[in-house]
Amino acid sequence: MKTRTITTVALNSALSLIFLYILSVAPTMRIALCAVIVVMAALTVVRCGKKTGTAQYAVTAILAFILIPDKYFVGFYALFLGHYAVCKSLIESLNKLWLEWVLKLILINVCILIAVVLLKFIADVVLEGLMYVWVAFNIVFVVLDLALTVLIDFFVKRLRFL
């Protein structure tokens, strides 16, 4: 691995951990912090590749489970946010827009199903209004994906950052 790649992973993992900690203690700006974490992971994938993005996800998830006291947001990161940049890159390499959206929606809905099952059987939590949560999560996901695409395009084409 190049020094630049290792530095990128280390810095983005450290920043992700800081934002995850802030996410676990701050009562506001949670959606914005989640979006920042996803953007940092996406920039790592675009700049250094899918393997490096996967390494950053693994390092950040393991360290977050060890260091962050509120495991709820760490689980949210591990289940929804951390792997999405790599999955988005893999799915968008198909170059068929309708298939990409179908696969992305299947991915997010499988993650929602896993979260519901984990909440039910591990934490014994019953979600009231699950249908509303499911619809809202899908809407937020589509907006996040579109915004992430625009941001990645901006960084690559306009700033020549990567």
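Start with Leu118. Select it in this predicted model. Leu118 sits in helix H6. Is Leu118 buried or exposed? Neither label fits: Leu118 counts as partly exposed because its relative accessibility is 40%, and buried would need under 20%, exposed over 50%.

Now widen the selection. Leu118 belongs to a nonpolar surface patch of about 1,200 Å². Add Leu94, Trp98, Val102, Leu103, Ile106 and Val110. Then add Leu113, Ile114, Val117, Phe121 and Ile122 to complete the patch.

Next, go inside. The largest nonpolar core has 32 residues. Pick out Leu20, Leu23, Ala64, Tyr77, Phe80 and Leu148, which have the most contacts within this core. Helices H1 (3-25), H2, H3 (50-67), H4 (71-81), H5, H6 and H7 each give two or more residues to it. Which helix gives the largest share? That is H2, with 9 residues.

Stop at Leu23. Leaving aside residues up to four places away in sequence, Leu23 touches Arg30, Leu33, Cys34 and Phe73.

Select H2 itself, residues 30-48. H2 has 19 residues and reaches 27 Å from first C-alpha to last. Its buried residues include Leu33, Cys34, Ile37 and Met40. The buried residues of H2 pack against H1, H3, H4, H5 and H7. Just after H2 comes Gly49, with a positive phi near 110°.

Move to H7, residues 130-158. This helix has 29 residues and spans 41 Å, close to the expected 42 Å. Colour Asn138, Phe141, Asp145, Leu148, Ile152 and Phe155: they are buried. Their cover includes H2, H5 (84-92) and H6 (97-121).

Now look for charges. The structure holds 5 salt bridges. Select Lys88, which is buried at 3% relative accessibility. Which residue of H7 does Lys88 pair with? Its partner there is Asp145, with the closest N and O atoms 2.9 Å apart. Lys88 lies in H5 and Asp145 in H7, so this pair ties together parts 57 residues apart in sequence. Asp145 is buried too, at 1% relative accessible area.

Lys88 also meets Glu92 in a salt bridge, 2.6 Å from N to O. These two are 4 residues apart in H5, about one helical turn. Glu92 is partly exposed, at 27%.

Finish on H7. Lys157 and Asp153 lie 4 residues apart there. Their salt bridge has its closest N and O atoms 3.2 Å apart. Lys157 is exposed at 55%, while Asp153 is partly exposed at 37%. For a last selection, take Lys88, Glu92, Lys104 and Asp145: salt bridges with shared partners join them into one network.

How values were computed
Residues are numbered from 1 along each chain as its sequence is written. This is a predicted model: local features need pLDDT of at least 70, side-chain atom pairs count only at pLDDT 80 or more; totals for chains, interfaces and linings use all residues. Side-chain values use heavy atoms; hydrogens and water are left out. The expected span of a helix is 1.5 Å times one less than its number of residues. Buried means under 20% relative accessible area, exposed over 50%, partly exposed in between (1.4 Å probe, protein chains only). Contact means heavy atoms within 4.5 Å. Patches are made of residues with over 30% relative accessible area and no salt bridge: like charges are joined within 9 Å, nonpolar side chains (Val, Leu, Ile, Met, Phe, Trp, Tyr) within 5 Å. Accessible areas come from the Shrake-Rupley method with a 1.4 Å probe; for residues, only the protein chains shown count as cover. A salt bridge is a side-chain nitrogen of Lys or Arg within 4 Å of a carboxyl oxygen of Asp or Glu. A nonpolar core is a set of buried Ala, Val, Leu, Ile, Met, Phe, Trp, Tyr and Cys residues joined through side-chain atoms within 4.5 Å.
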